[in-house]
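Please look over the chain shown below. This report starts with single residues and then moves to the whole fold.

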Amino acid sequence: MTSAWPTTATHWGTYRGEVREGRLVALHPFERDCDPSPIAGNMIEALDHPLRIRKPAVRLSWLRHGHEAGGRGRGREPFVEVGWETALDLVAKEIARVRERHGNQAIFGGSYGWGSAGRFHHAQSQIHRFLNCIGGYTRSVNAYSYAAAQVIVPRVIGSFQGLLTDHTSWRSIAESGELVVMFGGMPLKNGQVNSGGVGRHVVREGLERCREAGLRFVLLAPVRADAADLLDAEWLPFRPGTDAALMLGLAHTLLAEGLHDRRFLERCTTGFDRFAAYLAGESDGMPKDADWAAGITGLEAATIRDLARRMAASRTLISASWSVQRTEHGEQPYWLAITLAAMLGQIGKPGGGFGFGYSAANGIGNDVRGFPWPSVPQGENPVRDLIPVARIADLLLHPGEPFDFDGKRLTYPDTRLVYWAGGNPFHAHQDLNRLERAWQRPETVVVHEIMWNALAKRADIVLPATMPLEREDIACASNDGFMIAMKRLVRPVGLARDDHAIFRGLARRLGVEEAFTEGREPMDWLRWLYNVTRQRAAERHIDLPEFAAFWERGFIELPEPAGPRTLLEGFARDPEGQRLRTPSGRIEIFSKTIDGFAYDDCPGHPAWLEPEEWLGAAKAARFPLHLISSQPEGKLHSQYDPGGHSRSFKRQGREVLRLNPEDAAARGIEEGALVRVFNDRGACLATAATDGGLMKGVAVLPTGAWFDPDPETGIERHGNPNALTLDKGTSRLAQGPSAHSCLVEVELFGGEPPPVRAFEPPSFARA
């Protein structure tokens, strides 16, 4: 029986591992998961894949000349395999040199991504704890997924509620809702994953419950597939990146026809009068009515007015995907979604209001008891320097230059050492050709990695890390109430070590081993984490078993709350007694704070600000297709891209670019043709497919293909859309990524197709 096999957890699900003669032969879905994800299939093949990094390795010229070798050879030179003692000595010596000559702010502690679902072997916790033990580092803040939202949502409602936590639950929506208006959709493929792990997939179940209850869904997006077929959603396609203009047209209709809830606006918000004046065009002579919005979005004015009336006549939930804020001025649609919900007066009412990221991750919308799961303490970072997460290329290219961020004027430090453990910037970042140039600037790049991906190939010192299946840990699926024992299923491949062991070896050399380990071995840390969990559970009258019983069973599950959750219910009921953590204590439709920053790209109230790249821009004459770089279906971001499940979504070994049939025919492109996708920033190759579920003028290319530029021509051979995307902050307020503000052209590729080299290891030399 599968329940007798040991448990392990991943970001895409919990599984029980079947091991025979020391080899993992299968990952069977967890018995409590009703909708398991097949992504786990990528992991089995990856365990002993030829791309696994089996020994520490050093770039040849760096081994000969150290930091004086410079960075121009990164990604092109062979590596030399060395022993662990040599590798750790080299890294420790380089850290000491940079600290002594340039200060700790010259170390950038890079760790971005979903390295492990485990609480202990969480790469970000381990690297930050280590660097804090030796005096700190320059850090990044916020997340590529929702960086603009992380800044604007707390400015408007005082917290991350409705973005990361406390969403109105599927049960509340199903029991009390009538209409769900989806900006950007709720694609089931994205709901396969969740930070911290997944005990039970709930998105499909939640959507089915809503549909069975008779709710109507409206999809406002250029891609029909962003709403699952089971919803039978009404599809209203409009130009990408114009969500803010559409929301303004809806708001104007509500205001002009007296459909807004004046009492709620007076009780629970501040600044609506300033916003209403903007809607009416008092400040610029341009009313933001449905006709105005139609000219920008391409959606008919009558359709906009009709939708506004339906929203006012129904218990309506306004949902916005995380993707709609990954555009230039991405703060605006989120601010406007909250404003629209406030105008409807339905915030705090069951089944109504707003919510962000439904189906962007598994647990959002799940009815679970809020619980403070423990984590490894990272310590205090005495270095004050920081960057917004999407400004890594700017950090490396512009040391000493000032930049704005959330009301502060900061300066990019002079980075000499990049130390990266967890995540892959050559997946997550925009305009990878620009990042490639920036990556030559640091004196040294140290990387912990599992496989020879684009990041590892562009490092100076590469330290082989274990996969989660090769170590023991605890996962806390925070949005579905499970804690999972992650059993070691197989022995580490080659000389791979876990991040903690690597940092412990460095800490010993740098004289901080005791501070880093606190005298605990990894299993001691797991017991400590579990005992903290038990203590916190007992404070909430939840009885959990001893560690040994938990470890033997493989999981625990917190009890469900008594009733469905509704976002901001208490505040809406008693806005004075349960004030928000905003300056006014209310929802800030106009923010005096933001207005005081005097940013021309983010005023004091939500607005339409034309992006640099959209289908209405002058640049569309040269690049007439709007590129949407969606999340992949066969993997999480770029993880385990060489795995069989991930490869099954490629054609001819490259990612698939989907085009509207009319756009394809106009370019002489047939199904399965090799095409070149390009703009002024770069070009990539992809395999073409036609899709009638795309609006005309839109192309879709999923992210996650391992970056594979041709060294001679520069063309990216594998189909990575971030060879094309815009590396520009959403605004000076949030400085989030603007990946979805991207115009391209597509043409048939002529000549002999270059082979994809992404899944080939680098060359090696003798010392």
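Where in the chain is the place of Ile-450? Ile-450 sits in the loop between strand E18 (444-449) and helix H17 (454-457). The model is a predicted one.

**Ile-450 and its surroundings**

Ile-450 has a relative accessible area of 16%. Buried means under 20%, so Ile-450 counts as buried. Its contacts come from several parts of the sequence. Not counting residues up to four places away, Ile-450 touches Leu-51, Arg-52 and Ile-53. Ala-465, Thr-466, Met-467 and Tyr-640 are also on its contact list. Val-493 is 43 residues from Ile-450 along the chain, and their C-alpha atoms are separated by 9.7 Å.

**Pro-222**

Pro-222 is another loop residue. Its loop runs between strand E9 (216-220) and strand E10 (234-235). Pro-222 is buried, with a relative accessible area of 10%. How many residues apart in sequence are Pro-222 and Leu-694? The answer is 472, while their C-alpha atoms are 6.0 Å apart in space. Leu-694 is also in contact with Pro-222, as are Gly-693, Met-695 and Val-698. Ile-628 touches Pro-222 too. The contacts of Pro-222 further include Trp-235, Pro-237, Phe-238 and Pro-240. This list leaves aside neighbours within four places in sequence.

**Leu-567 and Leu-568**

Leu-567 lies in the loop between E22 and H22. Leu-568 lies in the loop between strand E22 (555-557) and helix H22 (569-573). Is Leu-567 buried or exposed? Leu-567 counts as buried, at 3% relative accessibility. Leu-568 is buried with a relative accessible area of 6%.

The backbone of Leu-568 deserves a look. Its phi is near 60°, a positive value in a residue other than glycine.

Beyond its neighbours within four places in sequence, Leu-567 contacts Gln-161, Gly-162, Asp-166, His-167 and Thr-168. Gly-348 and Phe-354 complete that list. Ala-393 is 174 residues from Leu-567 in sequence, and the two are 37 Å apart in space, C-alpha to C-alpha.

**Two serines**

Which residue has a positive phi of about 70° although it is not a glycine? That residue is Ser-359. Ser-359 lies in the loop between strand E13 (353-356) and strand E14 (386-388). It is buried, with a relative accessible area of 1%.

Ser-125 is found in helix H4 (residues 123-133). At 3% relative accessibility, Ser-125 counts as buried. Leaving aside neighbours within four places in sequence, Ser-125 is in contact with Val-376 and Gln-378.

The table collects the accessibility values.

| Residue | Relative accessible area |
|---|---|
| Ser-125 | 3% |
| Pro-222 | 10% |
| Ser-359 | 1% |
| Ile-450 | 16% |
| Leu-567 | 3% |
| Leu-568 | 6% |

**The nonpolar cores**

In soluble globular proteins, nonpolar side chains tend to be buried together. Here the largest nonpolar core has 155 residues. Which members touch the most other members? They are Leu-220, Phe-275 and Tyr-334. Helix H13 (residues 331-344) gives the most to this core, with 10 residues.

Phe-275 has contacts well away in sequence number. Leaving aside neighbours within four places, Phe-275 is in contact with Leu-248, Ala-251, Leu-336, Thr-339 and Met-343. Ile-589, His-605 and Pro-606 are in contact with Phe-275 as well. A second, separate core holds 32 residues, including Ala-106, Val-446, Ile-502 and Phe-503.

**The whole chain**

The chain contains 25 helices and 29 strands. Its radius of gyration is 26 Å, close to the 27 Å that the globule rule gives for 767 residues, so the chain is as compact as a globular protein of that length. Its C-alpha atoms fill a box of roughly 75 × 65 × 50 Å along the principal axes.

Of the 767 residues, 64% count as buried. Among contacts between residues at least 6 apart in sequence, 75% join residues at least 24 apart.

The accessible surface comes to about 27,100 Å². Carbon and sulfur atoms account for 46% of that surface. The chain has 88 positive and 95 negative side chains. The centres of these two sets lie 3 Å apart.

Notes: Residues are numbered from 1 along each chain as its sequence is written. This is a predicted model: local features need pLDDT of at least 70, side-chain atom pairs count only at pLDDT 80 or more; totals for chains, interfaces and linings use all residues. Side-chain values use heavy atoms; hydrogens and water are left out. A nonpolar core is a set of buried Ala, Val, Leu, Ile, Met, Phe, Trp, Tyr and Cys residues joined through side-chain atoms within 4.5 Å. Buried means under 20% relative accessible area, exposed over 50%, partly exposed in between (1.4 Å probe, protein chains only). Helices (H or I, at least four residues) and strands (E, at least two) are DSSP runs, numbered from the N terminus. Contact means heavy atoms within 4.5 Å. The radius of gyration is taken over C-alpha atoms; the globule rule is 2.2 Å times the number of residues to the power 0.38. Accessible areas come from the Shrake-Rupley method with a 1.4 Å probe; for residues, only the protein chains shown count as cover. Lys and Arg count as positive and Asp and Glu as negative; His and the chain ends are not counted. The place of a charge is taken as NZ of Lys, CZ of Arg, CG of Asp or CD of Glu.
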